[in-house]
Amino acid sequence: MTETRADRFARELADLKIPDPAAGRGSLWLRAGATAMAAGPALAVLAYFLAHNTSDPLAQRDALVLALIGVALSVVGAALFVRYSLTGVLRFWMARQSYDLDQLGERLSESRIHRDDAASVA
């Protein structure tokens, strides 16, 4: 039975002891970051309306704090989203580079074998 390319790639990854991305919590953090990035501006807009619908300075200050929490939530959510998005892209890029280098190595070894055979005949 011949080993498929995907099986060989999975075996080589296991040899490198790289953790499986499907088993990690990367997608969970990615979704949490996207949710926080979307919820932050909504919270800031809500705080704006809370502050403008009251004349009580205490309630306005609470709304100001709520708006700042919304901004902080957006920043943290964006950072999480960018971090885990780049992780996925870079993981794919490294797998592609590994595959390309493997293909190049196989082609070079085949051409060297042909060259060595031609040199031994001549």
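Trainee: What's up with residues 63-86, how far apart are the ends?
Mentor: The C-alpha atoms at the two ends are 34 Å apart, and the span is 100% helix and 0% strand. Helices here are DSSP runs of H or I with at least four residues, strands are E runs of at least two, and both are numbered from the N terminus. This is a predicted model, where local features need pLDDT of at least 70 and side-chain atom pairs count only at pLDDT 80 or more, while totals for chains, interfaces and linings use all residues. Residues are numbered from 1 along each chain as its sequence is written, and side-chain values use heavy atoms, leaving out hydrogens and water.

Trainee: Which residues does UniProt annotate as "transmembrane region"?
Mentor: The unreviewed entry puts that annotation on residues 28-51 and 63-86. UniProt positions follow the numbering used here, feature names are shortened, and annotations may be inferred rather than shown by experiment.

Trainee: And what about 28-51, helix or strand?
Mentor: That span is 100% helix and 0% strand, with its end C-alpha atoms 34 Å apart.

Trainee: New topic. Where is Ser55?
Mentor: Ser55 is in the loop between helix H2 (26-52) and helix H3 (57-121).

Trainee: Buried or exposed?
Mentor: Ser55 is exposed, at 72% relative accessible area (buried is under 20%, exposed over 50%, partly exposed in between, with a 1.4 Å probe and protein chains only).

Trainee: How far is Ser55 from Ser74 in space?
Mentor: They're 28 Å apart, C-alpha to C-alpha, and 19 residues apart in sequence.

Trainee: How exposed is Tyr48?
Mentor: Tyr48 is partly exposed, at 47% relative accessible area. Phe49 is also partly exposed, at 47%.
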